[in-house]
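Please read the following points with the sequence and the model side by side. They take up a few features in turn, beginning with one term that the later points rely on.

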Amino acid sequence: MPTGQVNDQTTYGLAELAERSGLPPRTIRFYTTEGLLAAPGKAGREAVYTSRHLVTLELIRELQTHGFGLAAIKAHLDRLPQDVSATSIALHSTMLAPWLADQPEHLTREELNTRTNRPLSDDDITMLENLGVIQTTAPGRFTAATALLSVAVDLIDFELTPDSSAQIAQAIQSAGTRLTTDLEDTYTRMLQPKLADQQMTDADVQRFVELFKPISIAALTRSYEQALTELRQRESEAAQVRHHSRIKNSTTPNT
């Protein structure tokens, strides 16, 4: 059973998947029958589900919350690659969040523990709040961005602390503020005069902003993924240099 690592090798029984997703087993079976959820694997006579099933269920819940019907959700899921990973589905949920209406789920501390399949410490709660995944509304009561919950909780296993999560949140906030300032400057210098010449109303400008939002988010994601790829490449090259250096030192005869 799972230890919290987010990867497709993490497995769940039906009962545990139901607890973590907040959906009854009969609903999970129904989604499988309707083709919204991939069929589970088998371990003997038992159904075996993975983290991909969990994050898919969370994405389904999120889309239903925003008024999507099952047919529209199925069409949306069908556009995802067949071999898409659990992390990629979670990232897809993240990409949807900025332009879907904010309708978080309300959970008690006990319900939050059940959904995350672990007793969350006060530090864990603080970390999730710093990352913007949950928000305390009253003692022991929270709102949660359920599409991001399982991924954020799995960061606990990487020993992400309240201090480090606060620094990450601050870095993201600072980057977002700088980006917004730069885009606002560009809009004011280059676009606003043209829109004024076309006698655009406030509603037209708002429409322009809404159209531009998913484009800018997609561009940010590409930039982020490219930066991560370059970082991994640099780390790999540095590791190879260290490895060759150790081999050379170990084979050099003492003088």
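1. Two residues are said to be in contact when they have heavy atoms within 4.5 Å of each other. Please keep in mind throughout that this is a predicted model.

2. Asp124 has its place in helix α7, which covers residues 122-130. If we leave aside the neighbours within four places in sequence, Asp124 is in contact with Pro119 and Ile156.

3. Which side chain of opposite charge is nearest to Asp124, and how far away is that side chain? The nearest is Arg118, at 5.7 Å, and Asp124, although buried, has no salt bridge. A salt bridge requires a side-chain nitrogen of Lys or Arg within 4 Å of a carboxyl oxygen of Asp or Glu.

4. The model also holds an open sheet of three strands, in the order β4-β6-β5, and the pairing is antiparallel. Because β4 (105-108) and β5 (134-138) stand at the edges and have a single partner strand each, one side of each is left without a neighbour in the sheet. From one strand to the next, the twist averages 35 degrees.

5. Strand β6 (residues 141-144) is joined to β4 by four bridges, and these two strands run antiparallel. As an example that can be found in the model, Glu105 has Ala144 in β6 as its bridge partner.

6. Two helices should be viewed together with this sheet. Helix α6 (residues 109-116) lies across β4, β5 and β6 and runs at about 105 degrees to β4, while α7, the helix that holds Asp124, lies across β5 and β6 and runs at about 115 degrees to β5.

Terms used:
Residues are numbered from 1 along each chain as its sequence is written. This is a predicted model: local features need pLDDT of at least 70, side-chain atom pairs count only at pLDDT 80 or more; totals for chains, interfaces and linings use all residues. Side-chain values use heavy atoms; hydrogens and water are left out. Buried means under 20% relative accessible area, exposed over 50%, partly exposed in between (1.4 Å probe, protein chains only). Lys and Arg count as positive and Asp and Glu as negative; His and the chain ends are not counted. Two strands pair if DSSP finds at least two bridges between them. Axes are lines fitted to C-alpha atoms, for helices over the stretch in contact, and angles run from 0 to 180 degrees between N-to-C directions.
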